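Visitor: I would like to go through this model and hear the reason behind each label.
Guide: Here it is.

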Amino acid sequence: MYQAARGTTDILPAEQPYWRYVEKAIAEVTGLYGYQRIDTPVFEDTSLFRRSAGEYTDIVQKEMYTFDDRGGNSLTLKPEGTPAVCRAFIQHGMQNLPQPVKLHYVSPIFRYDRPQAGRYRQHYQFGVEAIGEADPALDAEVIDLAWRFYRTLGLTRLALQLNSIGCKKCRPGYLAVLKDYYARQPGTLCDDCKIRLEKNPLRLLDCKQATCQPVADATPESFKYLCPECAEHFQKLQKYLGRLEIPFKLNHRLVRGLDYYTRTVFEVQPELEGGQSTIGGGGRYDDLIEELGGKPAPAIGFATGIERIILNIKEQNISIPALPGPQVLIACLGEEARETAINLAAQLRKAGIGTAMTTGDRSLKAQLRQANSLGVRYTVIIGGDEVKTATVTLKDMSGARQETVSAADLAGRLNRLLK
Ligand code: HAM
């Protein structure tokens, strides 16, 4: 029997209320902050993602779904949303619009990850990107948007972690300090960290191996090696977050899994740590647009995984509104009644009344069971007698009451009752 591919899931009808609930919060919050929607293709040139994420990141080394199309072009399923939005920004001349350009997206994301609870090979991200402005007030806005989004969903017990990893000017100095520090550690590094020390020292801070934790915890803090401009940027951001009353913790080990970040990086985690803890993260990427061939445009963004949000909504027992279903079911007995039922269902729907109709040859009892399982408020019953008298029996499902209504008046009667 076929199964959904490993690491992918079906979103069944029972799960849909959670997705609609999250989508509604996305529309509400992006509307409040003025972040317009953008949709980009599911695949892009492979080199776009390689150049953006960085050659020595897990995404590029291990996780991309890359394939050649029939024309011999190397394409990759979107492993994250940011490079695609940057590509669109450059391609459509958005640097000529008033800056910053504020965009949001909801997109499937593909990563060849090891599947487990909250980690999938196809997941969905809601993300925002604000491009064309270096002001730390914009960093504060993006963090505030993320924070408000989680609050809108009713999520609590979340912790915001913050760091600054400097810019092109001050990062090399910090990396030298970091390399020097690690070189002085006795041979305790894991194999991955030995490579990181050579190829991408910032990633040393990100190591998850137990043996590397004491060394990584005691590393010199990046925010102590910032150039004056980056230090001022970071100070102002912290001041603005204070004004917004958003609590945060500085975490000098927070470097994120992508190489394009500059200055601000942040992550949001549930306070009670589960398996997959990070619910959302982002940061500044002041050089990426230029590296992808655009005019220099500093930027900041954030993305959050919708499956992980839903896991947290369930863990925190947040009640979700049910999705509206049909309000009326038409049950019928016999062929003549069926023809009347088809007519009436069409009339009711035209009048804006959500209407389901039974099909097949089932007993009235079975049809009423169906009405109950659909949760309709009224069942319209049409049998031989009703056909003869051009009436229907209207049954209120919340009590035992029923009445006879002329078929011609049914839409009007239901509209009054359902108001
Ligand atoms: P990211 O931290 O790699 O950032 O992913 C964002 C969020 O996607 C994570 O916090 C997590 O909730 C979710 N996520 C990541 N991988 C998986 C997975 N395998 N299964 C389920 N959920 C997952 C980025 O992608 C950046 N583009 C964010 C950004 C936007 N930075 C600047 N702008």
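Visitor: How far apart do the C-alpha centres of domain 1 and domain 2 lie?
Guide: In this predicted model, the two centres are 50 Å apart. Domain 1 covers 13-170 + 226-315, and domain 2 covers 328-413.

Visitor: What makes the approach of Arg111 to the ligand a polar contact?
Guide: A polar contact is a pair of N or O atoms within 3.5 Å. A side-chain N or O atom of Arg111 is 2.9 Å from an oxygen atom of the ligand, so the pair qualifies.

Visitor: How do you know that the backbone of Gly280 makes a polar contact with the ligand?
Guide: The limit is 3.5 Å. A backbone N or O atom of Gly280 is 3.4 Å from a ligand oxygen atom, so this pair counts. For Gly305, a polar backbone atom lies 3.1 Å from an oxygen atom of the ligand. The protein covers 95% of the 660 Å² of accessible area that the ligand has on its own.

Visitor: Which strands each supply at least two residues of the shell around the ligand?
Guide: They are S6 (122-131), S10 (280-284) and S11 (299-305). The shell residues divide into eight nonpolar, 11 polar and seven charged.

Visitor: Why are S10 and S11 called paired?
Guide: Pairing needs at least two bridges. S10 and S11 have five, in the antiparallel sense, so they pair. Phe302 in S11 is the bridge partner of Gly282.

Visitor: What makes S1 and S8 edge strands?
Guide: The open sheet runs S1-S5-S6-S11-S10-S9-S7-S8. S1 (36-37) and S8 (249-250) each pair on one side only.

Terms used:
Residues numbered from 1 in each chain as written. Predicted model: local features only at pLDDT ≥ 70, side-chain atom pairs only at ≥ 80, totals over all residues. Heavy atoms only, no water. Polar contact = N/O pair within 3.5 Å; in protein donor to acceptor, adjacent residues only side chain to side chain. Areas by Shrake-Rupley, 256 points an atom, 1.4 Å probe, with all protein chains shown as cover. Helix = DSSP H or I, 4+ residues; strand = E, 2+ residues; numbered from the N terminus. Nonpolar A, V, L, I, M, F, W, Y, C, P; charged D, E, K, R; others polar. Domains from an automatic or database assignment.
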